[in-house]
Amino acid sequence: RFIEIMVGRYNPQNLHSASREFVMPRFSGLSLITGLLLAAGIAQADVKIGVIASSTGPTAAVGIPQKNTVALLPTEIAGQRIEYIVLDDASDPTSAVTGVKKLLGEHRVDALIGPTTTPAALAILDFVAESKTPLLTTVGSSAVVLPMDDKKKWVFKTTQNDDLIAEAVLTHMLATGIKTLGFIGFNDPYGENWFKVFGGQAEKAGIKIIANERFSRTDQSVTGQVLKVIAARPDAVFIAATGGPAVLPQAGLLDKGYKGKIYQTHGVATNDFIRLGGKAVEGTLMAGGPMLVADDLPASNPIKSVAQGYIKAYEGKHGAGTMSTFGANTYDAGLLLQKTIPEALKKARAGSPEFRLALRDALESAREVVGAQGVFNMTAQNHNGMDQRSRLMMTVKNGKWVPLKD
């Protein structure tokens, strides 16, 4: 009623004359409402960013650093306040859908960051496209951005595409004389896409996959799968899994006496993988983002200073050795938004459909954006935009990720 009085929609006939003098100032209704909201301390943020991260559940080792990194993202861009609304999907695609619906419908966010897992990212694509809201996803699988279509044109990706990582891994395999492989992957879109991408490249390289096994993210044992792979006697084993669950098959291979090389995807690019795996993951081979070995990068590498800046900020809050490339993927999403939000604001007001479209277009035009994980050059057909500068081969040595020496 008070606001109705302010905008002149309430009949003050029965009010005391003194009251009428007070409530009928010569201002527009819109100005009065804005003033009242500001005075009440409930003014809305200028730009809203929704974040979905798996801070609990089987993928928490990946999602926690993503959630923690949000506190390091810019709170003001181009003079606009930025509000981040962070939700936990508990490593469950259904919960991710529920969370995204809330962020889009209730909070009316201008952009989204996340989620943590490929199944969750694929599950929310329809809602992202229908609402025409840009999504900067932090998952590994290229299936969320390729092949490009009307849905995926709203999705951008801050983790290296599978084919970029697979290329580096296969180059190393060829150089070390590997001819046969055992494959153990998740029985979900992450594992399936890796088998499709990696398997195709391996075949072209003349490397034969002679064993192909799957397991669930929540499995407590993979002994059966491990024994089948060992029985095939491959020169090396490639594991397509993420976070803590990726340790399980590697520990099983070691326990059963496997002596060949073991490769992992960049889904294990974290110090937590080493903490969880201990001696079982010594010697792991992986192609991953340069941030994980930032101190070993040459001074001429533009990624080095950005990566070190992120590490310093993150570990300043959470302790030495706590950083991970998964958090850096969220950080890079923030850097891309910092670059593109000013461009979108030139065309439309934050909170409007026109702004979301302008932001999508600006992201697609982003060039040479240097992040902690790589350098981004987006195009209409490439919504990842990372190249060879965004990956290098590394190994676990004495409980630490180190660059692999040629």
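Visitor: What makes the crossing of H13 and H14 right-handed or left-handed?
Guide: In this predicted model, H13 passes H14 in a right-handed crossing. A crossing gets that name because the near helix is turned clockwise from the far one by less than a right angle.

Visitor: Why are H13 and H14 called oblique to each other?
Guide: Let's take the angle. The axes of H13 and helix H14, residues 353-364, cross at roughly 125° and come within 8 Å. Angles of 65 to 115 degrees count as roughly perpendicular and those over 145 as roughly antiparallel, with the rest between them oblique. The two helices are therefore oblique.

Visitor: How do you know which residues of H13 and H14 meet?
Guide: Contact means heavy atoms within 4.5 Å. On the H13 side, the residues are Leu336, Leu337, Thr340, Ile341, Glu343, Ala344 and Leu345. Their partners in H14 are Phe355, Ala358, Leu359, Ala362 and Leu363. By kind, this contact divides into 10 nonpolar residues, 1 polar and 1 charged. Glu343 counts as charged because Glu belongs to that class.

Visitor: How is the packing of H4 and H13 described?
Guide: Helix H4 (residues 60-69) and helix H13 (residues 325-345) have axes 7 Å apart, at an angle of about 35°. H4 passes H13 in a right-handed crossing. Val62, Pro65, Gln66 and Thr69 of H4 make the contact with Phe326, Gly327, Thr330 and Tyr331 of H13.

Visitor: What makes 4 residues of that contact polar?
Guide: The contact of H4 with H13 has 4 nonpolar residues, 4 polar and no charged. Gly327 is one of the residues there, and Gly counts as polar by the classes used.

Visitor: Now the sheet. What makes E8 and E15 edge strands?
Guide: The sheet is open, with 7 strands in the order E8-E7-E9-E10-E11-E14-E15 and mixed pairing. Strand E8 (208-215) and strand E15 (401-403) each pair on one side only. From one strand to the next, the twist averages 30°.

Visitor: How do you know that E11 and E14 pair?
Guide: Pairing needs at least two bridges, and 4 bridges join strand E11 (residues 285-288) to strand E14 (residues 392-396). These strands run antiparallel, and leucine 285 stands opposite threonine 395 in E14.

Visitor: Which strands does H9 lie across, and at what angle to E8?
Guide: Helix H9 (residues 223-232) lies across E7, E8 and E9, running at about 175° to E8. Angles over 145 degrees count as roughly antiparallel, so H9 and E8, at about 175°, are roughly antiparallel.

Notes: Residues are numbered from 1 along each chain as its sequence is written. This is a predicted model: local features need pLDDT of at least 70, side-chain atom pairs count only at pLDDT 80 or more; totals for chains, interfaces and linings use all residues. Side-chain values use heavy atoms; hydrogens and water are left out. Axes are lines fitted to C-alpha atoms, for helices over the stretch in contact, and angles run from 0 to 180 degrees between N-to-C directions. Angles under 35 degrees count as roughly parallel, over 145 as roughly antiparallel, 65 to 115 as roughly perpendicular and the rest as oblique.
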